[in-house]
Amino acid sequence: MTQRRILVTAALPYANGHIHLGHLVEYIQTDIWVRFQKLRGHKCVFICADDTHGTAIMIRARQEGRSEEALIADMRDAHICDFAGFDIEFDNYGSTNSETNRELCHEIWAALRNDGYVTEQSVTQLYDPKAGTFLADRFVKGTCPKCQAENQYGDNCEKCGSTYSPADLINPTSTLSGATPELRSANHLFVSIEKLHEFLEQWTQSGEHLQIEVANYLKGHFLGEPLRDWDVSRPAPYFGFEISDSPGNFWYVWFDAPIGYMASTMEWCRKQGENFDDWWREDKSQISNLKSQTSDLKSEISNLKSEIHHFIGKDITYFHTLFWPAMLKASGFKLPTKVHIHGFLTVGGEKMSKSKGTFVQAATYLKHLDPAYLRYYYASKLGPRLDDLDLSLDEFVDKANKQLVGGVVNIASRTAKFLGGKSLCETYPADGGLFLFAAAAHESIAEAYERCDYQTVIRTCKELCDRANAYLDERAPWTLAKQPDKAEEVRQICSVGLNLFRQIVVYLAPVLPRLAQQAGELLGAPISRWEDAQSPLTGTPIANFQHMLKRVELKQVQNMIEDSKPVELLTWVEQGDVPVPAVQSTDGPEALEKEPLVADLCSIDDFTKIDLRVARVVSAAHVEGADKLLQLTLNLGGELRRNVFAGIKSAYTPEQLVDRLVIVVANLAPRKMRFGVSEGMVCAAGGGGQEIFLLSPDCGAVPGQRVH
RNA sequence: GGCGAGGUAGCUCAGCCGGUUAGAGCACAGGCUUCAUAAGCCUGGGGUCGUGGGUUCGAGUCCCACUCUCGCUACCA
């Protein structure tokens, strides 16, 4: 088999949020594909990066009172940690906010300019005079002009489904500052891709690069009419790269994000001594020479050719299948070999929901469950199509226990103990053709992996498992083990069983890398190549069997869901309505009478669920338009900052708060408020109004300490 | 409205270029086994393959119509 050179990317996660189970459909799918290619002996490079630019990041950083760079650095660390926890192994994880990316953006931009793709047009947009920024649609809220429904965001109404311009909203307000936005126009830069219409038509419809339904979608939606120009610039202030030949304008985040694929590749190339051009630039001399070469040389040259595979969700189809190829084509870069598009994750047949606890973050999952279950589960449900993938919790438990533990691992579990400390037979015993049958399956399994049809892979492996388990059942080595003269026969049967186990683990290695590792250790020979499934292992020492994967209890899954539900927010921050006259400190019964003790007892477990921390107020500020709130930036130790809105304006001034220590509920679910997201709650006593008394630790406490 | 995908056992689905009595897992019923992480094996019940036409010696599989469900409908991450 000739070695392919394959560059694989997964979509860049946005630095505005944590990785959740929905993201993981993509990263697990892609990681499996990459591991498969590597196992097959191909040169495969897995590239990703954080997507860091745009208004959302800018606004959030502002709310948290820190720089965008600090925010995206934290987020990047969190993302990397989450991915590692799920055994998702990137060859390079970059950032779109890198010098390499800036340079590549400039290069591509210059090419677009030179070839006349860039035009300038005036755009009228809502502008927030208080926040000093133009407002993306989702930062504007108002009454629907069609059906009068209130509190509708952006450019469409959830109630009546109509779409409109945000400027048409009745009584629009900025969700950033509460100000009334005004219409302002500014010159934006556009890329005209209509010039490439014919090329895009041909590229998308060729049947080679896209799934058929995607090709049809593009044809039906976009290619039937002239392609609209793409607005790729945003006026300052904007967190991103300033456009060199258009000062005061920045590239829209979607312009520099896909270029991040290239930048991250370039970083990898520098580390590995690879040539970036081999991966991303079409070598014209090679291609033009091809026609005159012999077929031998042709195949040699095609070996040098590298492939580019993008894995994305269906929400960003448009960018990856029209703009991105257009940009690459226009600037002389190599086009994607294939764009693999998958559907969304639903949980229990419904969209993920924060209130139902089905919006599970990667880190929350890892607190409760082994990543192998999810990798296996997703694999068992993923096909080559764009269907949404449903996570059914019962089925999840079932697959993990019945198929993974009771099926696959059980083969080793029921045979290895008879060979612990001994070794496999020197020559592979007769097994009625089981090994050959499984070995012959490798081709169809490999084809299924190649086309991302993992459910077929799992289905096939399950059949192999059933055969192996039926074989063991029939031969019953445990019965023979009681007869000393049958020791050799037991060894033979177990050698067969363990070899069948090993084959299956080889086939599943892309899905279950840890299991492959453990199986290698058990059997005294690492699993490192696809071909390991083709010839039986003989004579190697067998280690004592240790559990490879625990069974799952439904309770663990339920706990994870509970853990993902937002904790009910105590609403005192939003109350404080009637100021109560100051009370003398007489230790009287008034306070108790007003708010009697809670009758329900709470367990120590209930209490420890609440993560109380010492924090220092780094900065405090009035919130424009808010009557009761102050915005606090808290330091929870080290670099950890939190943005908290506290309803304490009636009792404190910002100046009184800066630098003092407070007690904060650190694991309170973030709460979206009118002025931004509040990421915790400052503890205080008192009834509201003037009567709010912040809790403070005694001298000596430092930020980050937990309150017990 | 347009476009796309799909309607196969109680549930989740597989069925490639049309071909013998329509498959798997889960669930359910019965039996075997007790080596294994209360794991494993065998047997069974149960489906007019959305509806109606058509092509064909023969259709779940091709064509048409109808019907229902879901998704998408771009400058939003």
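Here are two short exercises, with worked solutions, on a predicted model of a protein with RNA strand B.

**Exercise 1.** Work out how helix H17 is oriented relative to helix H18, and which residues meet there.

*Solution.*
- Step 1: Find the two helices. H17 covers residues 442–450, and H18 covers residues 454–475.
- Step 2: Look at the axes. They come within 7 Å and cross at roughly 155 degrees.
- Step 3: Name the arrangement. Angles over 145 degrees count as roughly antiparallel, so H17 is roughly antiparallel to H18.
- Step 4: Go down to residues. On the H17 side you'll find Ile445, Ala448 and Tyr449, which meet Tyr454, Thr456, Val457, Thr460 and Cys461 of H18.
- Step 5: Sort that contact by residue type. You get 6 nonpolar and 2 polar residues, with no charged ones.

**Exercise 2.** Describe the protein surface near RNA strand B, then pick out some polar side-chain atoms close to the strand.

*Solution.*
- Step 1: Count the surroundings. There are 42 residues around RNA strand B, and the closest are Arg228, Tyr318, Ser413, Leu549 and Arg551.
- Step 2: Sort them. This surface has 20 charged, 15 nonpolar and 7 polar residues.
- Step 3: See which helix gives the largest share. That's H14, with 7 residues.
- Step 4: Turn to the RNA. Of its atoms within 4 Å of the protein, 67% belong to sugar and phosphate.
- Step 5: Zoom in on single contacts. A side-chain N or O atom of Arg551 sits 2.3 Å from a phosphate oxygen of RNA strand B. For Ser413, a polar side-chain atom is 2.4 Å from a sugar or linking oxygen of the strand. For Asp51, the distance from a polar side-chain atom to a sugar or linking oxygen is 3.2 Å.

Key
Residues numbered from 1 in each chain as written. Chains lettered and ligands numbered in written order. Predicted model: local features only at pLDDT ≥ 70, side-chain atom pairs only at ≥ 80, totals over all residues. Heavy atoms only, no water. Axes fitted to C-alpha atoms, helices over the stretch in contact; angles between N-to-C directions. Helix = DSSP H or I, 4+ residues; strand = E, 2+ residues; numbered from the N terminus. Parallel < 35°, antiparallel > 145°, perpendicular 65-115°, else oblique. Contact = heavy atoms within 4.5 Å. Nonpolar A, V, L, I, M, F, W, Y, C, P; charged D, E, K, R; others polar. Near = heavy atom within 4 Å. Polar contact = N/O pair within 3.5 Å; in protein donor to acceptor, adjacent residues only side chain to side chain.
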